[in-house]
Amino acid sequence: MANILVWGKTRDLISGEIPAGIATEEVATLAAVQSVVEGTGATLVLADPARLEAEKPALESWVRAGGNRRALLVCLADVADADDLIRRFPFLDDVLTKPLTTARLRLRIDRALDTINTRRVIEQLDDALVRKSQELHELNSIGVALSAQRDIDKLLRLILLKAREITAADAGSLYLVERGKDPESQTDDKLRFELAQNDSVPVGAFQASEVPLTEASIAGYVALSGQIVNVADAYHLPAGSPFKVSQSFDEKSGYRTKSMLVVPMRDHQGMVIGVIQLINKKRDARVVLQPVQLVEEAVIPFTSVDEELVTSLASQAAVAFENARLIQDIRDLFNAFVDASVTAVESRDPTTSGHSKRVATLTVGLAEKVDSLDTEPFRAVRFTRDQLQEIRYASLLHDFGKVGVREKVLIKGKKLYVGELMLIRQRFAYIKRTMEAEHLRAKLEQVQAGQSAPNLLAEMDRAYEGQREEIDTLLRTIVQANEPTILEEESFRALMDLTTRSFADGDGGRQPFLTPNEVAALSIRKGSLSEKERREIESHVTHTFKFLSEIPWTGEFRRVPEIAYAHHEKLDGTGYPRRLKAVEIPMQSRMMAISDIFDALVAWDRPYKKAVPVERALNILRDEAGMGKLDRPILDVFIEAKIYEKTLPRAGAEATEVAR
């Protein structure tokens, strides 16, 4: 290596002989200077002022870019010119005056060595600082990404991927520790092989598996000991290693596991909850280790810096994993609460069992289909995963307010309550017994009076039978009128006549065949509910809203009460309870309205009505949409995508008929 690089002529710059042990090399251009300094290196560059002047712009750019970090750039000039040179070339390391003697040259070289060494130390420190800054930035970015991911499966994949990226690892595995029932003992603890990644060979159809937690495997050893294991060659473990590295994957796939770094994941209490296992650190992260012979050349051991980075990442990953699992546990708990709430509501009315879940299935399915459309009017409509869950919660709980409705009203399948019809039957049975007693008394009186002619008694019997038949006919009319169907005019008049008829009770008083309340109930023109009862049933929507509003929903589910509140509203303002118009009704509520009506129509388990065939149910929905009550574009999606088939009983026998 040349100690002195002379940019110009040596004889013009140095007087006397070059000191022993110092080599010189002459160059004529800046390009030659750059080649020597950046190639073989030099300690001192002695430059002729004329050479500096000739290539000043390029020289200045090179120096400012750090080109002279490996050598000192010194110019030689006459005493009279020295100050001017310093002014014109401020980037020079020094300006020496001519003549440059051997002693001064030796001193300058020694100082140059010290300066260059100092520069190198500073440069190394700067590089280390930049590298640490980059590592810190990358770890922060990874931490942000990990904390933002709430899906546990995606989170685990992200943890392993980022650990491999920051260490240039070709492959890796992730294990989770499954604790047994006894916290004091580890005998029933398991190690779950959760995930595998490999850039060089396909992992195949990976399936998670569990093995007993022992020190026999390297991952098990790390999980139990909590220590980091860094192995340069997995096929040649250090003597006395308590673990072994399985070569079964290598043998099956043609892979070669060499360097390994295995790091524990600890929770906030210091307990090991998982293990990150990294395999084959590569010199160049872009290299694919195929053929397998390339491993020996391209794979290097993991460094202490890798250990620090992965340990830091593992700590962040453990916190993110615990948070995600906690969030999942909370959601599971809340889902169980929602399911229990639905069960509690439907247990009050067993005939509607399953209705809420079917409505949820239909509404979420409809929302997913709308979300996938790229045509108008749904091009801009998109639902996130949380919004779909929000729709599911609102659908499951849309009828929860029925807990505030009297049970007898809630399950009322006829116009009269069960006890009321039973009382009427008993009353008419009493009327018939009274008529029978009066008939027999009259016959007895005729016999006692000596007027027991057969013809007379027969006439009395016929009259009595006619009266019995009339009572039976009236009772049949009442029973028929009690059905939740449209009341015919003839039956209505017959009921009105009964308000004027009476019978003698046991105390001799007169009692009506039907009370005014009974006549009013039986006179309901359509369905089984009176206007008062209908308002009470409709009040369940308001009860639902009040109940759901008491739940401290997190931000992503804040609209659950609002969505459920509007599921009985109609676009033309004829719905209830608030008579909202189209622009005021959320799209999610419009979807739920269609699902709710369809399921109510086709349900086969309602005592107060028969199930409507699917095609007729769809036609009813079309009619409602045609009258401006339901959202026609949403209904079209519901029908065309056959969303309704998701809940049909008997897996589509009726759906097949619809398709035809």
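**Exercise 1. Find what surrounds T544, starting from its polar partner.**

The backbone oxygen of H398 is 3.3 Å from a polar atom of the T544 side chain. This is a polar contact, that is, a pair of N or O atoms within 3.5 Å; within protein, one must be able to donate a hydrogen and the other to accept it, and residues adjacent in sequence count only if both atoms are side-chain atoms. The model is predicted: local features need pLDDT of at least 70, side-chain atom pairs count only at pLDDT 80 or more, and totals for chains, interfaces and linings use all residues. Residues are numbered from 1 along each chain as its sequence is written, and side-chain values use heavy atoms, with hydrogens and water left out.

Next, place the residue. T544 belongs to helix α20 (residues 540-549); helices (H or I, at least four residues) and strands (E, at least two) are DSSP runs, numbered from the N terminus. Its relative accessible area is 0%, so T544 is buried. Buried means under 20% relative accessible area, exposed over 50%, and partly exposed in between (1.4 Å probe, protein chains only).

Last, list the contacts (heavy atoms within 4.5 Å). Beyond its neighbours within four places in sequence, T544 is in contact with L397, H398, D399, F400, G401 and A564.

**Exercise 2. Describe the salt bridge of K282 and its surroundings.**

A salt bridge is a side-chain nitrogen of Lys or Arg within 4 Å of a carboxyl oxygen of Asp or Glu. D170 and K282 form one, at 3.0 Å from N to O. It links distant parts of the chain, with D170 in strand β6 (residues 169-178) and K282 in strand β11, 112 residues apart.

Check the burial of each partner. D170 is buried because its relative accessible area is 0%. K282 is buried too, because its value is 3%.

Then look for other partners. A polar atom of the K282 side chain lies 2.7 Å from the backbone oxygen of V287. Setting aside neighbours within four places in sequence, the contacts of K282 include A168, D199, L289 and A298.

**Exercise 3. Compare the burial of two further salt bridges.**

K402 and D399 meet through their side chains at 3.4 Å, N to O. Both K402 and D399 are buried.

E469 and R476 pair at 3.0 Å, N to O. E469 has a relative accessible area of 41%, so E469 is partly exposed. R476 is at 48% and therefore also counts as partly exposed. Elsewhere, salt bridges that share partners join E53, D84, R87 and R88 into one network.

**Exercise 4. Which helix gives the most residues to the largest nonpolar core?**

A nonpolar core is a set of buried Ala, Val, Leu, Ile, Met, Phe, Trp, Tyr and Cys residues joined through side-chain atoms within 4.5 Å. The largest has 32 residues, and L366, V370, F383, F598, L618, L621 and F638 touch the most other members. At least two residues come from each of α12 (355-372), α13 (385-396), α22 (587-602), α23 (614-626) and α24 (632-640). The answer is α22, with six residues.

**Exercise 5. State where the model is uncertain.**

pLDDT is the predictor's confidence in each residue, from 0 to 100. The chain has a mean pLDDT of 84, and 88% of its residues reach 70 or more. Over residues 650-660 pLDDT stays under 50, and the model has 10 contacts beyond four places in sequence for them. Where pLDDT is low, the predicted coordinates should not be read in detail.
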